[in-house]
Amino acid sequence: MKVEFSAFPKAFSGNVAVFVAADKQLLATAQTLDQQLGGAVGRAIAASRFTGAKGQTLTVLGQAGIDRLTLVGVGKARELDARAAETLGGTLAAEANAAGLTSFAVWVDGVKGTRLTDR
């Protein structure tokens, strides 16, 4: 499987994953995507039990050039460390494998208050 991580979205298409913090806080890329999709991300969250809790996922299908959009909960910033980030990667890989995907792009945003560095 081909996985692409990027800090800056070039264009949203294909199979995409973005991060959401606890309490349904859309991180920068998810906010941008929500705006581009006319609020579809926010509506999908509102219609589900997704809260952005660590490891929680929500998949939205067929949105304006995006085949499959996976929202991934990162939980509370203070609880996000290297091990939690690895676990999120495993969650994404499991989701992609279960869906039969051969590639997806993960748009990575910095999370204020985390113990991770951006390097």
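**Exercise 1. Which backbone nitrogen lies 3.4 Å from a polar atom of the side chain of Asp34?** Describe the surroundings of this side chain.

Solution. The model is predicted: local features need pLDDT of at least 70, side-chain atom pairs count only at pLDDT 80 or more, and totals for chains, interfaces and linings use all residues. Residues are numbered from 1 along each chain as its sequence is written, and side-chain values use heavy atoms, with hydrogens and water left out.

Step 1. The backbone nitrogen is that of Ala40. The pair is a polar contact (N or O atoms within 3.5 Å; within protein, one must be able to donate a hydrogen and the other to accept it, and residues adjacent in sequence count only if both atoms are side-chain atoms).

Step 2. The backbone nitrogen of Gly42 lies 3.0 Å from a polar atom of the Asp34 side chain.

Step 3. Place the residue: Asp34 lies in helix H1, residues 28-36. Helices (H or I, at least four residues) and strands (E, at least two) are DSSP runs, numbered from the N terminus.

Step 4. Check for a charged partner. Asp34 is buried and has no salt bridge; Arg43, the nearest side chain of opposite charge, is 6.2 Å away. Buried means under 20% relative accessible area, exposed over 50%, and partly exposed in between, with a 1.4 Å probe and protein chains only. A salt bridge is a side-chain nitrogen of Lys or Arg within 4 Å of a carboxyl oxygen of Asp or Glu. For charge, Lys and Arg count as positive and Asp and Glu as negative, while His and the chain ends are not counted.

Step 5. List the contacts (heavy atoms within 4.5 Å). Neighbours within four places in sequence aside, Asp34 touches Leu26, Gly39, Ala40, Val41 and Gly42.

**Exercise 2. With which strands does E2 pair, and in which sense?** Give a bridge partner for each pairing.

Solution. Two strands pair if DSSP finds at least two bridges between them.

Step 1. Strand E2 (residues 14-21) is largely enclosed by the rest of the structure, because seven of its eight residues are buried.

Step 2. With strand E5 (residues 66-75), E2 pairs in the parallel sense over eight bridges. Phe19 has Val72 as its bridge partner in E5, and Asn15 stands opposite Arg68.

Step 3. With strand E6 (residues 103-107), the pairing is parallel over two bridges. Here Ala17 stands opposite Val106.

Step 4. With strand E3 (residues 25-26), the pairing is antiparallel over two bridges. Here Ala21 stands opposite Gln25.

**Exercise 3. Which residue in the turn of the E2-E3 hairpin has a positive phi of about 60°?** Describe the loop around this residue.

Solution. Step 1. E2 and E3 form a hairpin with three residues between them, and the residue in question is Asp23.

Step 2. Asp23 is exposed, with a relative accessible area of 69%.

Step 3. Lys24 also lies in the loop between E2 and E3. Lys24 has a positive phi of about 65° although it is not a glycine. Lys24 counts as partly exposed, at 41% relative accessibility.

**Exercise 4. Is Gly73 buried or exposed?** Place this residue within its strand and list its contacts.

Solution. Step 1. Gly73 lies in strand E5, and eight of the 10 residues of E5 are buried.

Step 2. Gly73 has 0% relative accessibility and therefore counts as buried.

Step 3. Beyond its neighbours within four places in sequence, Gly73 is in contact with Val20, Phe50, Gly52, Ala53, Lys54, Gly55, Gln56 and Leu88. Thr57 is 16 residues from Gly73 in sequence and 6.1 Å away in space, C-alpha to C-alpha.

Step 4. E5 also pairs with strand E4 (residues 57-63), in the antiparallel sense over six bridges. Thr59 has Thr70 as its bridge partner in E5. The two strands form a hairpin with two residues between them, and Ala64 in the turn has a positive phi of about 40°.

**Exercise 5. Which residues touch the most other members of the largest nonpolar core?** Say which elements contribute to this core.

Solution. Step 1. A nonpolar core is a set of buried Ala, Val, Leu, Ile, Met, Phe, Trp, Tyr and Cys residues joined through side-chain atoms within 4.5 Å.

Step 2. The largest core has 20 residues, and Val18, Leu69 and Leu71 touch the most other members. Two or more residues come from each of E2, H1, helix H2 (40-46), E4, E5 and E6. H2 gives the most, with four residues.

Step 3. Neighbours within four places aside, the contacts of Val18 include Leu33, Leu69, Leu71 and Trp107. Apart from this core lies another, of 14 residues, among them Leu88, Leu92, Phe104 and Val106.
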